[in-house]
Amino acid sequence: MEVAQQEILTPAPAKETTRVSGSVALLEALIAEGVDTIFGYPGGAIMPIYDALYDYNDKLNHVLVRHEQGGTHAGQGYARTSGKVGVVFATSGPGATNLVTGLADAQIDSTPLVCITGQVFAHLLGTDAFQETDVINITTPVTKWNYQVTDANEIPEVIAKAFYIAKSGRPGPVLIDITKNAQIQLFDYEGYTKCDHIRSYRPTPIVRPQYVEQAAALINQAKKPFILFGQGVLLGSAEQEFKAFVEKSGIPAAWTILGAGAIPTDHPLNVGMLGMHGNYGPNVLTNECDVLIAIGMRFDDRVTGRLDKYAKQAKVIHLDIDPAEIDKNVKTTVPVWGDCKETLPLLTALVEEKQHTDWVKLFNEYTQKEVEAVIHKELNPSDGEMTMGEVIKQLNDLTKGEAVIVTDVGQHQMVACRYAQFNKTRSNVTSGGLGTMGFALPAAIGAKYGAQDRTVVAIIGDGGFQMTCQELGTIMQSGVDVKIIILNNRFLGMVRQWQELFNERRYSFVDIQSPDFVALAAAYRIPGKCISERDELQGALKEMLDNKGSFLLEVMVTKENNVFPMVPQGCSVSEIRLK
Amino acid sequence: MSNQEPIQQEFNITIYTENQVGLLNRIAIIFTRRKINIDSLNTSPSEIESIHRFNIVITESEDVVRKLTRQIEKQVEVLKVYYHTNEDVIWQELALYKVSTDVIAEKVSVERLLRENGARAVVIRKDYTVFETTGHREETDNLINILQPYGLIEFVRSARVAIIKDSEGFNAKLREFERLEPGEEVIENEYLNKGAKVFTM
């Protein structure tokens with residue numbers, strides 16, 4: 001420890017060398033990468049880095065989370081709203097193992113993260129030393145790349161690689177494990193050089209013009225083409241290119257939950273959400289379209305339902321940056337490999353300007369059926385207990401679709417994603433692939449740091465909130481402004497819904513009790529309110545949004561409401577149920 | 001689903017990689033996460049210094065193998081992945097057999113044994129003899145059957161090594177690749193034996 005403190009020098013410009021510790025080299029690397037916020041938690045094996053951080057307080061804002069999992073989700077929230085890489089610090093052993101859920105979430109949802117973990121001294125590796133775990137092997141399946149540093153000389157280059165890998169191509173989480181001796185060790189530092197190339201790594205496949213031409217030809221012949229878009233559009237910052245493609249081709253487009261907001265919710269060609277709890281038209285008409293154009297999405301089983309009855313009649317065009325996604329789940333007629341920021345304009349140039357009026361009308365007819373059967377009574381109930389849908393609708397009316405909506409996992413997530421209005425890109429932050437309950441509260445903290453000028457509203461169920469509610473402490477201490485809505489149905493609602501529909505109402509351990517959430521928030525000095533009457537809703541939402549700083553609003557909603565429409569597991573998308 | 005199960009057969013997967021600690025695990029878990037058993041795995045240098053080569057054999061359908069190879073190829077330190085059927089490669093496995101020298105000398109003509117099975121004696125000692133044979137699975141299996149009655153003491157077979165019949169094009173690319181960007185040396189933990197000399201808390 002004393003060794004690290006002796007000579008902490010600000011590194012001079014490249015070529016001249018300075019003696020610095022590995023820890024200082026790490027922090028200089030983060031600054032050079034444009035990092036402004038770190039979510040972390042100190043501990044024994046990462047103490048030299050935290051000691052160096054003490055002198056970097058004016059350049060790097062460190063947010064002390066209450067659990068390392070919260071750190072990863074905050075990093076994810078930050079990355080999703082800012083488009084930058086989220087950075088997380090944790091110590092060895094339990095600190096590092098607590099990262100695993102967040103890493104897995106970031107891996108499956110392609111979120112760029114760089115996690116730095118402390119590790120025991122290199123000479124103690126493999127000896128079951130105090131707080132030693134084999135973090136590299138534990139995290140290998142849930143990281144895009146990971147690396148263990150045992151010598152400080154490696155740090156600048158490895159951190160440069162970490163950022164490059166995390167954000168390039170299909171983004172993902174990277175973990176760098178740094179042994180304590182490397183953090184302390186002084187070495188000749190030559191300055192920091194960003195990485196823009198690794199010889200064995202090809203982040204973006206080469207675009208093949210013949211496939212773009214074949215795709216355009218298919219689209220131009222199509223009578224009933226249909227676009228499915230996912231987070232790839234956001235990750236590629238290709239929202240404008242995507243909008244231009246949709247508007248020129250006149251093709252109706254539906255989104256996966258991570259693709260929400262790539263074009264505004266009220267765009268006339270945005271026909272709604274795909275998947276198990278998606279909209280009626282997009283699901284049914286998947287099996288009636290003649291050409292399916294998938295853009296930056298991966299045909300998750302929650303989107304496709306039963307694969308052997310999925311869009312069998314259609315020719316499939318798949319635009320993706322990751323060649324491993326082509327043909328993984330759905331056989332592709334024409335694969336368009338590449339970054340959609342690059343491929344979409346090429347495709348737009350070749351497609352004919354068209355309007356598929358009758359085909360789009362068909363989507364609208366299905367919407368009408370869905371409004372009558374489901375949406376109207378969910379959003380505008382006149383009596384009885386409040387519904388989740390009407391809370392979202394009232395929130396839309398107040399935020400006008402400008403807020404960042406962060407959701408957890410379960411019924412409230414499906415309802416929020418279905419009904420929230422998104423005018424802007426990077427407005428929907430949710431755990432899509434992994435379905436991590438407990439994601440929303442810490443992710444909302446990160447989301448606010450990533451988009452400081454925007455209102456951030458976390459919508460969370462009573463179950464999920466209790467998984468990471470210790471992060472209220474992070475909100476209290478950092479003073480970050482996060483609006484929290486707990487939709488409390490006094491059940492683990494999604495599992496209860498399945499038990500009702502498929503297990504003869506055998507409600508097995510879904511009846512969850514909650515603490516007094518408002519009192520809990522008050523214990524963290526966060527103001528709050530609990531409402532159960534419809535006429536209080538608008539006023540309470542206003543009070544929450546108008547409050548300077550964080551606010552917790554608990555809304556008591558119907559206990560046994562189901563999310564519809566629904567494609568039951570193992571069924572085809574055209575077997576979607578309205579009740 | 002379609003009534004016909006896809007045909008499973010042996011596939012030889014050839015992976016060109018950087019020489020990097022931990023890469024073996026990163027590749028292995030791509031198989032194990034789908035609960036696929038690896039029949040044989042060999043790591044070795046390739047014809048190019050600094051480029052490493054894995055030979056992996058699994059029994060699966062081509063559709064699954066294609067998906068696996070793409071998932072392997074997207075790993076940061078993997079340069080290129082190929083898969084081939086047994087017909088597309090020239091492959092060999094090496095096997096060693098240990099038998100009692102007394103039994104063998106008494107009961108069989110060693111010379112005949114060697115000749116008929118393409119084997120050679122690696123070591124002949126008073127107490128035991130070690131034979132070696134190289135070939136396809138059937139050939140190495142065959143010698144087990146022959147030696148079993150004479151008290152086979154120990155048997156071991158190596159992983160498969162396979163040369164791709166049609167690999168000239170890629171070799172040229174690989175050499176060019178290495179010429180333009182020479183590889184780096186692998187960094188291992190150099191502190192393991194220096195415990196006493198390393199500062200600690």
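**Exercise 1. A salt bridge in chain B**

Task: In this predicted model, which helix holds B:R112 and B:E116, and how far apart are the closest N and O atoms of their salt bridge?

Solution: Begin with the atoms: B:R112 forms a salt bridge with B:E116, and the closest N and O atoms are 3.5 Å apart, which satisfies the requirement that a side-chain nitrogen of Lys or Arg lie within 4 Å of a carboxyl oxygen of Asp or Glu. Next, place the two residues: both lie in helix α4 (residues 110-117) of chain B, four residues apart, which is about one turn of the helix. Finally, consider the accessibility of each partner: B:R112 is partly exposed, with a relative accessible area of 39%, while B:E116 has 54% and counts as exposed.

**Exercise 2. Two salt bridges between distant parts of chain A**

Task: Locate the residues that pair A:K167 with A:E33 and A:R496 with A:E560, and decide for each residue whether it is buried, partly exposed or exposed.

Solution: Take the A:K167 pair to start with, where the closest N and O atoms are 3.5 Å apart. This pair links distant parts of the chain, since A:K167 belongs to helix α8 of chain A and A:E33 to the loop between α2 (22-32) and β2 (37-40) of chain A, 134 residues apart. A:K167 has a relative accessible area of 42% and is therefore partly exposed, whereas A:E33, at 12%, is buried.

Turn then to the salt bridge of A:R496 with A:E560, whose closest N and O atoms are 3.7 Å apart. Here too the pair links distant parts of the chain: A:R496 sits in helix α22 (residues 493-502) of chain A, and A:E560 in the segment after β20 (551-556) of chain A, 64 residues apart. A:R496 is buried, with a relative accessible area of 0%, and A:E560 is partly exposed, with 37%.

To set these pairs in context, the count comes to 40 salt bridges over all chains, and a network of salt bridges links A:R170, A:D322, A:E325, A:K328 and B:K74.

**Exercise 3. The length and setting of helix α8 of chain A**

Task: What span should the 13 residues of helix α8 (residues 155-167) of chain A have, and how many of these residues are buried?

Solution: For the span, use 1.5 Å times one less than the number of residues; for the 13 residues of helix α8 of chain A this gives an expected 18 Å, and the end C-alpha atoms are 18 Å apart, so the two values agree. For the setting, 11 of the 13 residues of α8(A) are buried, so this helix is largely enclosed by the rest of the structure. The buried residues include A:I155, A:P156, A:V158, A:F163, A:Y164 and A:I165, and also A:K161. Just after α8(A), A:G169 takes a positive phi of about 55°.

**Exercise 4. Cysteines without a partner**

Task: Explain why A:C115 forms no bond with the closest cysteine sulfur, and state how many disulfides the structure holds over all chains.

Solution: Recall that a disulfide is a covalent bond between the sulfur atoms of two cysteines. The sulfur of A:C115 is 18 Å from the closest cysteine sulfur, in A:C195, and this is too far for a bond, given that the pair would have to be within 2.5 Å. A:C289 is likewise in no disulfide, as the nearest cysteine sulfur, that of A:C571, is 19 Å away. The total over all chains is zero disulfides. As to their surroundings, A:C115 counts as buried at 0% relative accessibility, and A:C289 is buried with a relative accessible area of 1%.

**Exercise 5. The domains and a nonpolar patch of chain B**

Task: What are the domains of chain B, and which residues make the nonpolar surface patch of about 330 Å²?

Solution: Chain B is divided into domain 1 (8-89) and domain 2 (90-157), and their centres, taken over C-alpha atoms, are separated by 31 Å. The patch is made by B:L94, B:L96, B:V122, B:V123 and B:V156; the elements that give two or more residues to this patch are β5 (89-100) and β6 (120-124) of chain B. One member, B:L96, is found in strand β5 of chain B and counts as partly exposed at 31% relative accessibility.

Methods:
Residues numbered from 1 in each chain as written. Chains lettered and ligands numbered in written order. Predicted model: local features only at pLDDT ≥ 70, side-chain atom pairs only at ≥ 80, totals over all residues. Heavy atoms only, no water. Buried < 20%, exposed > 50% of the residue type's maximum accessible area, 1.4 Å probe, protein only. Domains from an automatic or database assignment. Patch = residues over 30% accessible without salt bridge, like charges linked within 9 Å, V, L, I, M, F, W, Y side chains within 5 Å. Areas by Shrake-Rupley, 256 points an atom, 1.4 Å probe, with all protein chains shown as cover.
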